[in-house]
Structures are given as structure tokens and as C-alpha cells.
Amino acid sequence: MKPSKKEKIMKSRRSFLLKTGLSALAIAVPKIESFSGGSPKKFAAIRPVQDGPVLKVALMGLGSYAARVADAMQSWKRAKITGLISGTPSKLESWSKKYAVPAANCYNYDTYHQIKDNPDIDAVYVITPNALHKPHALGVAAAGKHVICEKPMSVNASDAKEMVEFCEKAGVHLLIGYRMHFEANTLKVVNMRRDGAFGEIKFFQGLSGFRIGDPNQWRLNAELAGGGAMMDIGIYSINGARYMVGEEPIWVTAQEVKTDPVKFKEGVDETITFQMGFPSGVVASCLSTYSMNNLDKFFLNGTNGYAEMQPSTGYGPIKGRTHQGPLDEPHVTHQTTQMDEMAAIILNGKKASIPVDGEEGLKDMVIIDAIYKAVKTGGKVDLV
């Protein structure tokens, strides 16, 4: 069957994104040399604007999730959209009109390095395909702007480590889009665990998945996604296990099941069940899948109580209960809270209750690498 006109356009666009993104890496690295030869500079102070201490953010990659972030910006108190970066001219035109972004603050993937000279942009939220996170983040950092990068922060731990080191050397913040770290019911459970309400933690279960649609989307392209369901949705159970248990895993085991090798080609995982062991003896049992709905569930069990959340990471209200009763904190759009809190981190040096920095993202990437290794070897992979 010959590819349709739409499929040809999408394939061409994906190739362009990957080519320009990797080219950005080559451009970004030399620029950072200006920071060498001495101690890294301190995080640059944000320039004040007339309406007060507001973080001026450019969105990079104007896809569906960027649209969700942009809609949430209507309620932002500490941040606002002041720039746009996209490889699609029509999107730049329509988005600039919708969000009142001047044409002078709109860039494509060949010109975005020019943000270095734009005082209207303090930070860039990188929301491009996974394989482009590293080159785009490095390009932003080389321009002297703070980086907010959607998760997963990269396609492997080696790239993630380079991103952390590069941004530190450039003297800019690197924050990862962990919106759940600011969600009220999630924080309530974490604080209960910290206060000892559950007693000694014994077990965690994380179920993360959905039935993925369009087989031609970039999430099913190994070159752009760096994997499959594990990168996109399984990372929620990995990260959730860490903040719910309150420890770092020391080993993983994993098993993969693939029922549709046509849709889920080589390098794109469909379903992986994985287990993680923690220093105290806690065991986490998790599922990552692109083939099942009605999941999105966390369960934490301790000697004195429990917490269960379903949905646990979805965009809507997080629901659930503990042995003390329902989780009923008011719902606020996650991206609204996330961006206001990240603005406070950058503007005021606020410390997040659950970290959202590059080191946090790196820890998840180390675990994902180990899970993929465990799938291939069939054995336990130590993390320490």
C-alpha cells in the first residue's frame, strides 16, 4: 500500500525535526566553551518586567501537549508565554495571534539560538519528541536561557547526564516537567508517608498505560521516541514508586510482551512488567503498556495503613483514598501549578517538596536503561 499524502508529510516533518534537532547539538556545544576556564556562573537573575516578577517562557514544539500547557497559562500567576519555537510556520502564526506573542519572539529550529539576545525570554519549555530533548535543551542552555524539559528528559542516562552537566556549566536551571510533584493529593500522600502515617512501607504497585492510537505518530518511531510505552507512560510508575516509597531502588527485573510487532516495531516496547527492589526491602511491582486502558493506578501499603489512587497521574482530578479517608484536595490544572511553582524555583530559589531538577530526571533514566537491559538479559540488574 502506498503511503498517503498525509503520511508523507508527517514522515518528512519527523525527519526534519530529527535532522534539525541533532544539528542543534553541534551548534550548542561550541558555544558553551565561553563558560570554561573557571567556576560556573551563578544562576542569572531574571530581569524584572513591568507587571512584577514573572517568568517569561518560550514554548518549543507546538504539539498537543504544548497546547495543553498554553491553555493552562491562562491561569498562571508567576509565568507567561512570551516566545514560540516551531518548525511549522502556520503554527507560529496562529499561536502568536492566540497568545499575543510578537512575531519578533517567534523562531524556528534553525533560528532559535537567537533567543540569546532576546530579553523577553527567560526560559524555554522543550516539548519536542524525546530524541530531540538533549540537542534542544543544550541549544537553549548555550543561549543562556533556563531549560524546562518535558519528560523523559532524554532517551538514555548518558544523554541525561550530559544535559545536567552542560546546564550546570552554563549556569542555567534545568527543570523536568514532573507535574505530579506539585499535585495536591499526591503531596498529601507523600507527606503522610513522611510523617509515618502508613508505618513501615512494604509494597508499591504502579499501573501505567493506555491503548495508543495513530500508528504513524512519533511515539511509535524508535528513532524519535527512544523506546515505546516505557518512555512515555511507564516513567510515571518509575517516578511514582520513588516518591511514594521515599527511597531509591537498588535493583530491577523486567519482562516484555509484544502482541503486535507490526504496530510496535523493533525498539518500540508495547508492554513491560517490571519490579524494583529498595534498600529497606520494599518491592515495587509495575506495568507499562500501550495496549490497555483502565489503568493509571498507584497503591502503597504499609504496616499501619495504605493509599490507593486511581487515576494517579492523569490530567484530570487525582482521586483515591487512604486508610484515613478520601483524598479530596481541590483540583487545579496540573500545568498551572507546575509552571507557577517552577517560576518560584527559578525566580526565588524555592525548593520543591519533591525535586524536579535534572538530577531527578537522570535518576529515572538510569532506571529505564536498567529495565531495558533486564528485558534483554532476563536477569536482575543492580543499580548500585
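## An aromatic cluster

Phe-210, Phe-264 and Tyr-290 are joined into a cluster by ring pairs. The model we are looking at here is a predicted one. Across the structure, 6 aromatic pairs are counted, and two of them are worth a stroll through below.

## Tyr-65 and Tyr-315

Let us start with two tyrosines. The ring centres of Tyr-65 and Tyr-315 are 5.9 Å apart and their planes meet at 35 degrees, so this pair is tilted; stacking would need planes under 30 degrees apart. Tyr-65 belongs to helix α2 (residues 64–72), while Tyr-315 sits in the loop between β12 (306–309) and β13 (320–322), so the contact ties together parts that lie 250 residues apart in sequence.

How do the two partners compare in burial? Tyr-65 is buried, at a relative accessible area of 9%, whereas Tyr-315 is partly exposed, at 34%.

## Phe-264 and Tyr-290

Back in the cluster, the centres of the Phe-264 and Tyr-290 rings are 6.3 Å apart and the planes differ by 20 degrees, so the pair is stacked. Both residues come from loops: Phe-264 from the one between β8 (251–257) and β9 (271–277), Tyr-290 from the one between β10 (283–289) and β11 (297–302). The pair thus links distant parts of the chain, 26 residues apart.

Phe-264 is buried, with 3% relative accessibility, and Tyr-290 is buried too, with 2%.

## A lysine over a tryptophan

One more aromatic contact involves a charge. Lys-380 lies over the face of Trp-251, 4.6 Å from the ring centre.

Terms used
Residues are numbered from 1 along each chain as its sequence is written. This is a predicted model: local features need pLDDT of at least 70, side-chain atom pairs count only at pLDDT 80 or more; totals for chains, interfaces and linings use all residues. Side-chain values use heavy atoms; hydrogens and water are left out. Rings of Phe, Tyr and Trp (its six-membered ring) pair if their centres lie within 6.5 Å; planes under 30 degrees apart count as stacked, over 60 as edge-to-face and the rest as tilted. Helices (H or I, at least four residues) and strands (E, at least two) are DSSP runs, numbered from the N terminus. Buried means under 20% relative accessible area, exposed over 50%, partly exposed in between (1.4 Å probe, protein chains only). A charge sits over a ring if NZ of Lys or CZ of Arg is within 6 Å of the ring centre and within 35 degrees of the ring normal.
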